[in-house]
Amino acid sequence: MSLSYQYKYLKSLLKRYGVRGLITKALERKNSPMLAYTKSCGRYFPTEEELLRQKENQPSFSPLVSIVVPAYETPKRYLKELIESVLAQSYENFELCIADGSRTETVAETAAWYAAKDGRIRWKKLEKNGGISENTNGGFAMAKGEYIALMDHDDRLSFHALYEMVQCLNDSFTEEERKMALIYSDEDKMNGDGTVFSRPHFKPDFNLEFLRRNNYFCHFLMFSSHLLDRAGGLKKEYDGAQDYDFVLRCVDAGAVVRHVPKILYHWRIHEGSTAGNSADKAYAFDSGCRAIEAHLKRCMEPGRAEVTANLGVYRVRYELKGRYKITVAAEADEQLCSIRKHYQRLVEKGDAYHLDIQYRKIDFGNHGIEKGCTGDYILYIRQGIRVNPNGLIESMLGICQRRSVGIVGAKIITKNRRVASCGFCYGKDGSLIPLCGGIPASYKGYFLHAVIPQNVSAVSFGCVMFRKDAFQKAGGMDLSMTGIYRDADCCFRFALCGYDTAVTPEVLAVEYEADLAEENEENQKQRFLDRWEEKLMQPDPCYNRNLSLAAGCTYAMKRHQPDFL
């Protein structure tokens, strides 16, 4: 990339993050375990033998897939590489629909040449350049397939991309569910020459709280034509975030969402691409805010979305309305007094949130919750935990009031300013691994997992808010268990009752004293494993199976060879 472009990019980073923030960002990137991906990326790509095996064993359900590409003045080299990556697919029942909104014949010459060679390549010159949304809709109109996949005009597919997506239709959907299927995959980035691969995005399964703050679905995306009819095409008023608005509308229309945890898409980084410099498309982020707010309104969970310094990532403030009965239950007098003092001052000033707050010092347990806490929502803070009361209840209540959420936890950091946990993931051996554990508290984590609220499988009860009715429905705490195994056991029972667990890093709790288990940790782990063995045998849906389960190494690549079939 040119020096002028790099200068412009650096200037935009300084404006967003400041000098200190930019230094922290640089240090985090320098220390990222994902830097090793560039040298080891080959193990995430299929071998020639694997591709041959896929070609010889096509899925039993093999629908026509229409790959839609809105093209505009695409450099010849990029378009050729895109088309060649499609023609090399191990799944062969596809068509490539290129909707060309260009002024010149740059795209036409290349597309027409390939179309003459292979009837699966279809190209159409649009009457005018209507922008990304209208041009994509022009591609939708060309598509004949039962399923549609989207590609940007300068990117490439992994050679097994379509096979894996169609295999997911066979393995993970019922016949009825296929009508509303939406599937996304993992992805990485490549340089302008397409010779260096980096920054792999190993994503969680469908995670609504995470999706509401960034379009992590992104690439590779495939969906049924029936779902497209239900949700409608792309909307020009959301240009720049048109794909974000689209997936949110698909979710709201009842999409059955699945995730293929494999690198199937290579997003090219070059001057002018969103992958290269998001600041060049600042208009997109206003569109993103409006897309989120429209989605929240459709879900009858109104709120406000705001742009953050991390462009493409949004802060969501759920609307609080009506009167809420809250019990603040803490084990330490000091923490209880700090919160009471803060909120009494707000009430005296005419607090608009209408919070009816009860304060109670308790030792955590079922008896204390059922007999001593009258609130509909319980904010519990364990001994040895300190949290800033400013905005504490509002931040946690905003998420906890959602119909699907039963419990929300804070991000826990140590007194040495390291992340203790941002929720927990699990392993099939019963291990509970703190997400982002051990990284500096100032770091934002892999794809910002240390700063974005999201659904997780378990949280620490160091600082949590939960719905009292959900807690009672789940059967309360099993006090024969201790430590994080007690906490995770309760979160798992919330899930059995249909409630999500969420973590919000926007609430930061400092752990000055660790929660000491009363029993041997291995004993607790075995009891947890015995009770939840069936669940633990399934990969954690809030984590990615390509990522490490070693404590202190979450969001690093596993060392073993991935499975392709």
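**Close-up 1. Lys 411, a buried lysine in strand β16.** Lys 411 has a relative accessible area of 3% and is therefore buried, the limit for that term being under 20%. The residue belongs to strand β16, which covers residues 405-414. Ala 450 is 39 residues away from Lys 411 in sequence, and the two C-alpha atoms are 8.1 Å apart in space. This view, like those that follow, shows a predicted model.

**Close-up 2. Cys 168 in helix α7, with His 259.** Helix α7 runs over residues 161-172 and contains Cys 168. With a relative accessible area of 8%, Cys 168 is buried. His 259 stands 91 residues from Cys 168 in sequence, but the distance from C-alpha to C-alpha is 8.3 Å.

**Close-up 3. The aromatic pair of Tyr 426 and Phe 492.** The structure holds 25 aromatic pairs. One of them joins Tyr 426 and Phe 492 in an edge-to-face arrangement, with 5.8 Å from centre to centre and 75° between the planes. Tyr 426 lies in strand β18 (residues 424-426) and Phe 492 in helix α16 (residues 483-496), so the contact ties together parts that are 66 residues apart in sequence. Both partners are covered: Tyr 426 counts as buried at 5% relative accessibility, and Phe 492 counts as buried at 1%. The ring of Phe 492 also has a charge over it, since the charged end of Lys 535 sits 4.8 Å from the ring centre.

**Close-up 4. Helix α16 and its neighbour α17.** Which residues of α16 are buried? They are Gly 483, Tyr 485, Arg 486, Asp 487, Ala 488, Asp 489, Cys 490, Cys 491, Phe 492, Arg 493 and Phe 494. The helix is thus mostly covered, with eleven of its 14 residues buried. At 1.5 Å a residue, the 14 residues of α16 should span 20 Å, and the end C-alpha atoms agree with this at 21 Å apart. After the helix comes Gly 498, which has a positive phi near 90°. Helix α17 (residues 521-536) packs against α16 at an angle of about 15°, and the two axes are 10 Å apart. The angle makes α16 roughly parallel to α17, and the crossing of the two helices is left-handed.

**Close-up 5. Helices α4 and α5.** Helix α4 takes in residues 76-87 and helix α5 residues 106-117. The two pack at about 25°, with 10 Å between their axes. Are α4 and α5 roughly parallel or roughly antiparallel to each other? They are roughly parallel, because angles under 35 degrees count as such. The crossing in which α4 passes α5 is right-handed.

**Close-up 6. Helix α6 and its buried residues.** Helix α6 consists of the twelve residues 131-142. At 1.5 Å a residue the expected span is 16 Å, and the end C-alpha atoms, 17 Å apart, agree with it. The buried residues of α6 include three glycines, Gly 131, Gly 138 and Gly 139. Ser 133, Asn 135, Thr 136, Phe 140 and Met 142 are buried too.

**Close-up 7. A cluster of rings, and a charge over a ring elsewhere.** Tyr 184, Phe 206, Phe 210, Tyr 216 and Phe 217 are linked into a cluster by ring pairs. A contact of another kind involves Arg 386 and Tyr 512. Here the charged end of Arg 386 sits over the ring of Tyr 512, at 4.4 Å from the ring centre.

**Close-up 8. Three loop sites with backbone geometry of note.** Most residues other than glycine have a negative phi, and most peptide bonds are trans. Met 300 is not a glycine, yet its phi is positive, about 55°. Its place is in the loop between α11 (283-298) and β10 (303-307), and with a relative accessible area of 65% Met 300 is exposed. Cys 436 likewise has a positive phi, about 65°, without being a glycine. This cysteine is found in the loop between β19 (432-434) and β20 (454-455). Is Cys 436 buried or exposed? Cys 436 is buried, its relative accessible area being 3%. At the third site, the peptide bond from His 219 to Phe 220 is cis, with omega near -5°. Phe 220 lies in the loop between α8 (208-211) and β8 (221-224).

Key
Residues numbered from 1 in each chain as written. Predicted model: local features only at pLDDT ≥ 70, side-chain atom pairs only at ≥ 80, totals over all residues. Heavy atoms only, no water. Helix = DSSP H or I, 4+ residues; strand = E, 2+ residues; numbered from the N terminus. Expected span 1.5 Å × (residues − 1). Buried < 20%, exposed > 50% of the residue type's maximum accessible area, 1.4 Å probe, protein only. Phe/Tyr/Trp six-rings, centres within 6.5 Å; stacked < 30°, edge-to-face > 60°. Lys NZ or Arg CZ within 6 Å of the ring centre and 35° of its normal. Axes fitted to C-alpha atoms, helices over the stretch in contact; angles between N-to-C directions. Parallel < 35°, antiparallel > 145°, perpendicular 65-115°, else oblique. Left-handed = near helix turned anticlockwise from the far one by under 90°.
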